[in-house]
Amino acid sequence: MLPPAAHYVPDYIDRTHELALLQSIDKSAWLGDLKRRVQHYGFRYDYRARRVTNKSYLGPLPDWLSALADRLMKDDIFRARPDQVIVNEYWPGQGIAPHVDCEPCFGETITSLSLGSTCSMEFSHIQSGQSLSQFLAPRGLLVLNGEARFNWTHGIPARKSDMVGGKKVHRERRVSLTFRTVVTTQAL
Ligand SMILES: O=C(O)CCC(=O)C(=O)O
Ligand SMILES: [Fe+2]
């Protein structure tokens, strides 16, 4: 189940595209400053200060991400072209703590494309504490807008398997691509 103003597009990309993306990602350099490995494109996001600064511009998105940004625009998923991408890698047992993506930094739409493995994502309503869980499959696109993006946290519990419809589903290596539009950079 998803919170209001969130939606999920199964098989947003096909298997060939998924493998090509994983190949491009695995040819690129990883940052190892968090528990999980990440790559930043467009702008580097400062996790500790929770900001994007005018000095964090890394250059335009590489072609393989720019093509996806074009498609997200063409499909009316974003109103303003996404120009910042974070690649997250999760091995079984790894997750991401519940959070709201930086409000002043990024625009109203955030999307996450899953590659390689399933996982379940948990949402929690900040005001009421209501929680929801949504299963994400490889090649599926999660879209968060307005309410879901600002009033709910999202996170991935750090575990090795998820229960889906009464069945245990083991996780494998999952790589996600999150697209955002930078709206404010802090002057340094
Ligand atoms: O891995 C995901 O699908 C979500 C990642 C995320 O929430 C983030 O990078 O802010
Ligand atoms: Fe996030």
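How far apart do the end C-alpha atoms of residues 81-183 lie, and how much of the span is helix and strand? The end C-alpha atoms are 11 Å apart, and the span is 5% helix and 52% strand. The structure you are looking at is a predicted model, so keep that in mind as we walk through it. UniProt, in an unreviewed entry, places the feature "domain: Fe2OG dioxygenase" at these residues, 81-183.

## The whole chain

Let's step back for a moment. The chain has three helices and twelve strands. Its C-alpha atoms fill a box of roughly 50 × 40 × 35 Å along the principal axes. A compact globule of 188 residues would have a radius of gyration near 16 Å, and the chain agrees with this because its own value is 16 Å. Of the 188 residues, 30% count as buried.

## Two open sheets

Now to the strands. Six of them form an open sheet, in the order S1-S8-S5-S12-S3-S2, with antiparallel pairing. Strand S1 (6-9) and S2 are the edge strands of this sheet, and each pairs on one side only. From one strand to the next, the twist averages 15°.

A further open sheet is formed by four strands in the order S4-S9-S6-S7, and the pairing here is antiparallel. At its edges stand strand S4 (96-99) and strand S7 (131-136); each has a single partner strand, so one side of each is left without a neighbour in the sheet. The twist in this four-stranded sheet averages 20° from one strand to the next.

It helps to know that side chains in a regular strand alternate between the two faces of the sheet.

## Strand pairs up close

The table lists three antiparallel pairs that you can look for in the model.

| Strand | Partner strand | Bridges |
|---|---|---|
| S6 (residues 119-125) | S9 (residues 152-156) | four |
| S5 (residues 110-115) | S8 (residues 141-144) | four |
| S10 (residues 161-164) | S11 (residues 167-170) | four |

Each pair offers a spot to zoom in on. Glu-122 stands opposite Gly-155 in S9. Ser-112 has Leu-142 in S8 as its bridge partner. For Met-163, the bridge partner in S11 is Lys-168.

S10 and S11 make a hairpin with two residues between the strands, and in this hairpin Gly-165 takes a positive phi near 55°.

## Around ligand 1

Which residues surround ligand 1? They are Ile-86, Asn-88, Ile-96, Asp-101, Ser-112, His-154, Ser-176 and Thr-178. Sorted by class, this shell has two nonpolar, five polar and one charged residues. Strand S3 (84-90) supplies at least two residues of the shell, and strand S12 (174-180) also supplies at least two. You have already met Ser-112 as the bridge partner of Leu-142; here Ser-112 is one of the residues around ligand 1.

## A look at Arg-50

Finally, let's visit a loop. Arg-50 is found between strand S2 (38-41) and helix H2 (63-74). Is Arg-50 buried, exposed or partly exposed? Arg-50 counts as partly exposed because it has 13 C-beta neighbours inside 10 Å, while a buried residue would need 20 or more and an exposed one would have 12 or fewer. Arg-50 and Thr-118 are 68 residues apart along the chain, and their C-alpha atoms are separated by 28 Å.

Conventions:
Residues are numbered from 1 along each chain as its sequence is written. Chains are lettered from A and ligands numbered from 1 in the order in which they are written. This is a predicted model: local features need pLDDT of at least 70, side-chain atom pairs count only at pLDDT 80 or more; totals for chains, interfaces and linings use all residues. UniProt positions are given in the numbering used here, feature names are shortened, and annotations may be inferred rather than shown by experiment. Two strands pair if DSSP finds at least two bridges between them. Axes are lines fitted to C-alpha atoms, for helices over the stretch in contact, and angles run from 0 to 180 degrees between N-to-C directions. A residue is near a molecule or strand if its C-beta atom, placed from the backbone, lies within 6 Å of it. Ala, Val, Leu, Ile, Met, Phe, Trp, Tyr, Cys and Pro count as nonpolar, Asp, Glu, Lys and Arg as charged, and the others, Gly among them, as polar. The radius of gyration is taken over C-alpha atoms; the globule rule is 2.2 Å times the number of residues to the power 0.38.
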